2 protein chains.
Amino acid sequence: MSWASALFQPRAVAVVGSCSPGKIGHVLVTQLLDGGFDVVATINPKADGIRGIPAARCFQELPVGSREIDLAVIASPAATVADMLQDAGQAGVKAAVIITAGFSESDSRHEEERLVSIARQHDLRIVGPNCAGIVNTKHNLFATLETRPPAGDVAFISQSGALGGAVLSWAQEQGLGFSKFASYGNAADLSEIDFLEVLRDDDETKVVALYIETVSDGRRFMDAASRLAAVKPLIVIKSGRSESGGRATQSHTGSMAGSDAVYEAALQQCGAIRVAGIEEMFDVCRGFVHLPRFRGRRIAIVTNSGGPGVLAADAADAVGLEITPPGAALRGRLSNRLPDFCSLSNPYDLTVQATEDDYRDTLIETLKEYDAAIAINVNTPYLDAAPLARGVVAASQTTGMPIAASFVAGQPAQAALPILKEGGVPNYVTAERCVHVLSALSVHGNRLAAIEGRRSSREASERKKKPLPFPWNGRPTEPMVMDWMDELGLPTIKRVVATSAEKAVQAAQQFGGPVVMKMISPLVLHKTDVGGVVLNLGTSKAIEEAFTKLARLVPEGTFNGVLISPMVEQAVEAIVGLSTDVTFGPVIAVGLGGIYTEVFSDLALRVAPVSVEEARQMIETLRGIDLLKGARGSVLRDIASLSQLVSDISWLALRFDGIEELDLNPVFLLERGCMAADARLIPSDDVPMQRSR
Amino acid sequence: MSWASALFQPRAVAVVGSCSPGKIGHVLVTQLLDGGFDVVATINPKADGIRGIPAARCFQELPVGSREIDLAVIASPAATVADMLQDAGQAGVKAAVIITAGFSESDSRHEEERLVSIARQHDLRIVGPNCAGIVNTKHNLFATLETRPPAGDVAFISQSGALGGAVLSWAQEQGLGFSKFASYGNAADLSEIDFLEVLRDDDETKVVALYIETVSDGRRFMDAASRLAAVKPLIVIKSGRSESGGRATQSHTGSMAGSDAVYEAALQQCGAIRVAGIEEMFDVCRGFVHLPRFRGRRIAIVTNSGGPGVLAADAADAVGLEITPPGAALRGRLSNRLPDFCSLSNPYDLTVQATEDDYRDTLIETLKEYDAAIAINVNTPYLDAAPLARGVVAASQTTGMPIAASFVAGQPAQAALPILKEGGVPNYVTAERCVHVLSALSVHGNRLAAIEGRRSSREASERKKKPLPFPWNGRPTEPMVMDWMDELGLPTIKRVVATSAEKAVQAAQQFGGPVVMKMISPLVLHKTDVGGVVLNLGTSKAIEEAFTKLARLVPEGTFNGVLISPMVEQAVEAIVGLSTDVTFGPVIAVGLGGIYTEVFSDLALRVAPVSVEEARQMIETLRGIDLLKGARGSVLRDIASLSQLVSDISWLALRFDGIEELDLNPVFLLERGCMAADARLIPSDDVPMQRSR
């Protein structure tokens, strides 16, 4: 029997803990029995049972008939949990839900480790400790203190027990049913990753919702989330956007990319749908449960009231959905069917005189041109909403296409709600909410299409290779990194190292124009900050003076000469950076030159590696993309070459051991090609700041 | 008797229209009587009455006792409305609510004008036509077909009848009460402006909510809205964000600033609070009704559950509220009062063991350091929410400070809701909603403080002056505009007009460095588009060649020579523009140089004029502001001089007749001072594109 079967379809359940009234054990047993699961026993020091269930002081003492216990739900005091777990393991229990708190969350990490080692010994898996329990509505199993939710198609996995409980309490009112629920608390053993793996193949679950504050292993999480999201929608609330999250980076792009931005990128790369909070989660889950998948962006709004139609159009515009007007053919078909006073543009305003037929016909006709529709009915006390709802349901069933409804408000709309529900049309209290749901569906459809087949054969084979050793001892200087990039076939600027003013002048002559001089010193990480870069040197005199000045910036013996490069005019400056996230490991970023990145925070980020095509998509998301595409009469830039560079850099952290951060700043982006004009590499063992987990 | 009294406190009401069952007149009479207003008569061709009310075919025939009719509610067919209005006017009726549709909204503009002229004749004011009626809960007056809302402190004025009806229907469930409601439909006579004026002095209204799609007279709207907002909160839904709204502008800044951006600026300048939709309107109205005003940004989050606390902190961070940690003194006070397991940072997590005292004491103590607080309780079936709610209410009453609650979810939280309601603490289904409400309150408090005393004496005196005549015949060329700016004392770049290559060379010599050459031609509005600007000319030969090239760009006779100016290096480029909005008139915009404005849409906009201080605030809102403040080692720019220029330009459209648009692009912003390097002025009578209303 798998742990998942033992946990979600146990033959029998034992509740461990006092069953006296007012005690948690009492609540748990009552909840299980009231929920319809009646193969329950209880274990506690007094062998107290309630409502006639078997009771004993330990598993061994249970009567033979109640020995088919696959799941133990433990709510006894923290000090007793290890012994009870040991006892359960010996009795052949395969899964334990530990409600009891007081472990790693209150610094009792050692006690929690002991639980895990006991579990390993007996091949028993743990949910928790410090969790709110689990639910399987299809098995009538409610092993939780929280409200029993209605049954449905959504599995909800929550790192926070209280938030999980709030979701279950709210489900009835929100009209959302759950297949399974698990609160995994401290995740001593089973974590969100295990649940994602199990739910992928769970036929009773159509949609998975997840609340996380952190994940322990970013790469494994991404693997599990990607595999799940490929077969069913994964909706994620990730809290802690505003926290710094322990990213201590020295590189430019690294420090720009907060921890939350990495989570955002990772979730997107997995094909998960991130939502901001519980309300949006309910809305989007209902959309995914009831509506067919689609990829387009064109939405028809059919309404009986102008104002709410315009508000919906505003919301659609804000999220990038297209409220396009009808083509001539559609206009013709509609004008044949609808009364004259109807507005034959989008939003389609059928006015307060709209009938069942008007709604049905308009939706059916528009959905021949649009990808999805929103049906709004602002009902009044003197209007019967029921037939209008029937019109919407008929259109939904005839077309099989996505229609979200907003039949409002309060009492006057009540008659419509059961009809819509019965007809599988999700209803929302505002049309703006319909917009957000359709947007999530459309984004998801497009993203999945983009992800399919993205994982190139290159990744599969590269991942299997053993990484090459770190190429240097300690931190390399700029010319060392640039030479290494040359060896790897990565584009760099022409340059010469000069260790005297005389050699600097000679070097400059070979470039035949003004040059840039940069100091080389292992002491200095940020050369511009100390005046270690001099631009536009045109004469021998200027070069000599600059050399002398740079040589004096650092103590003798730490000055390793200068790097001379030609001045490059007319280039757009980009920035490409590799950094290491505590949770997700190597992360690749690309942005436009310093000011765009710094002042406008215009940076695209992905968990590395990325393919050339993914790199191009990253670049396309930059707000400054028009600067590369010839805006304001500027020349078109070689986006393909930059995409190639971004992808190549993103692989370096996987090909070589020990690269913590790599910053190419600037990268000159030309009409043809691009080249790194500066490179800074920080080894993994050279991170002076303390990293927190 | 004022029109407002006749409308909202009539002595008696006549319903005009058929009272047969199923007819609108029948519904209106029923609604009035059921709502508790019993001095009702009805006028219809059959003199049909119901429920014993007086009935007649016209006002003259009504029995003497029912002659005190101040308000007529007209629902008879469109063709009869004018006659009925005439009849009502003759009978001394002072206000008419015309529910009937079929006037200007269906191209019957003439018939609507007739109604207005009849009304003027009899000193009678009209609400509508094509409206959903009016409500005064304090007078038990429900002259509407829509749901009767609960009584309360909010007045709601809606351009859309259906949306107004939806709000009334939803009010009970949302827990919001209304003092007055008016749907003004086509606004043939009374418009949103009239209602804003009346509601300012309405003691029964604490908060005003407004739904608009357009306003007819932007300046009068701003005056009325400003005066209202100075004494009570004005919450506005403005729909149609996504519509182009008929702004056909030729200037750069003008075309960047969509119609919605002007509405956004105008509402902000009035001190109104713009919300996105109905849900947010309900939330924010409840906040303003129940919570005291405040201006700070520091929020304490007190919770019994980590997850929802973090989600609230995320939301707060996103809107710029500060979730700062406690100072040492507060930590000390809290650690004396709270159990050890509580988290003494913000969010303050009291854990599931939190008591009434914990909530009360923590809120009281934190509110000594913070400006407002959010109290979150995620309740579970085994926890009694009532005492926790009492703790929150006690803290609210003790401190008198703003506390918003989120006691959730569903059934387990029910016990708390009446306690919070009774105690005047608004409760929201998520803590994120609390955040948005507190943010609206805080923004409002700050904005009002900024607006107070902003209207300088200069504005008052300037406004009274007659504008000066337009200084030119037709469209002036660049040098004409620049010379005019010099006369006005506005900073411009040094320049010389040259009408031959030889003179151009001479002109360049006096600047002693490379120059810029720009063609002068009345044919060309956008010089750069046709290659009419040549930069960085360093030699006589280059100047001569450039002159020849520019002279060939336009037909002979339309080339008026060139303008020569020195190249200015090291300046930050800004853009200052004046344009004319169809609704609000002159609008002033400021942004950073072309790419920032174009690619990043980084532009600040206000309805003109603005004071120097307001101009500075505009500049401060630019995302690129750091570029002016010495970011990346750049030099500090003279923001004061740019503020002065923006303010001065904003006044020009009021001081001179006939200025449609004025674009200064670029304005060079230096370490000391700034100067316009190019100016383009378009007269009002020179607007080739059709403007729509």
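This passage describes the contact between chain A and chain B and the aromatic contacts in a predicted model.

The contact between the two chains draws 57 residues from chain B and 57 residues from chain A, and together the chains bury about 4,400 Å², with 65% of this area on carbon and sulfur atoms. Across the interface of chain B and chain A, two salt bridges are found; in one salt bridge, the side chains of A:Arg433 and B:Glu279 meet at 2.8 Å, taken from N to O. Polar contact between chain B and chain A amounts to four residue pairs, counted where both residues have pLDDT 80 or more. On the side of chain B that touches chain A, the elements of chain B that give two or more residues are strand S12 (234-238) together with the helices H5 (161-174), H10 (278-290), H11 (306-319), H16 (431-451) and H21 (594-600). Of these, H11(B) gives the most to that side, contributing eight residues.

With regard to the aromatic side chains, a search of the whole structure yields 24 aromatic pairs over all chains. A:Phe470 and A:Trp472 form an edge-to-face aromatic pair, with 5.4 Å from centre to centre and 75° between the planes, and both A:Phe470 and A:Trp472 are buried. These two residues belong to one aromatic cluster, which A:Phe470 and A:Trp472 form with A:Trp484 and A:Phe656.

Positively charged side chains are also placed over aromatic rings. In chain A, A:Lys180 lies over the face of A:Phe8, at 5.6 Å from the ring centre, whereas in chain B the face of B:Phe142 has B:Arg148 over it, at 6.0 Å from the ring centre.

Technical notes:
Residues are numbered from 1 along each chain as its sequence is written. Chains are lettered from A and ligands numbered from 1 in the order in which they are written. This is a predicted model: local features need pLDDT of at least 70, side-chain atom pairs count only at pLDDT 80 or more; totals for chains, interfaces and linings use all residues. Side-chain values use heavy atoms; hydrogens and water are left out. Rings of Phe, Tyr and Trp (its six-membered ring) pair if their centres lie within 6.5 Å; planes under 30 degrees apart count as stacked, over 60 as edge-to-face and the rest as tilted. Buried means under 20% relative accessible area, exposed over 50%, partly exposed in between (1.4 Å probe, protein chains only). A charge sits over a ring if NZ of Lys or CZ of Arg is within 6 Å of the ring centre and within 35 degrees of the ring normal. Contact means heavy atoms within 4.5 Å. Buried area is the accessible area (1.4 Å probe) that two parts lose on being put together, summed over both. A salt bridge is a side-chain nitrogen of Lys or Arg within 4 Å of a carboxyl oxygen of Asp or Glu. A polar contact is a pair of N or O atoms within 3.5 Å; within protein, one must be able to donate a hydrogen and the other to accept it, and residues adjacent in sequence count only if both atoms are side-chain atoms. Helices (H or I, at least four residues) and strands (E, at least two) are DSSP runs, numbered from the N terminus.
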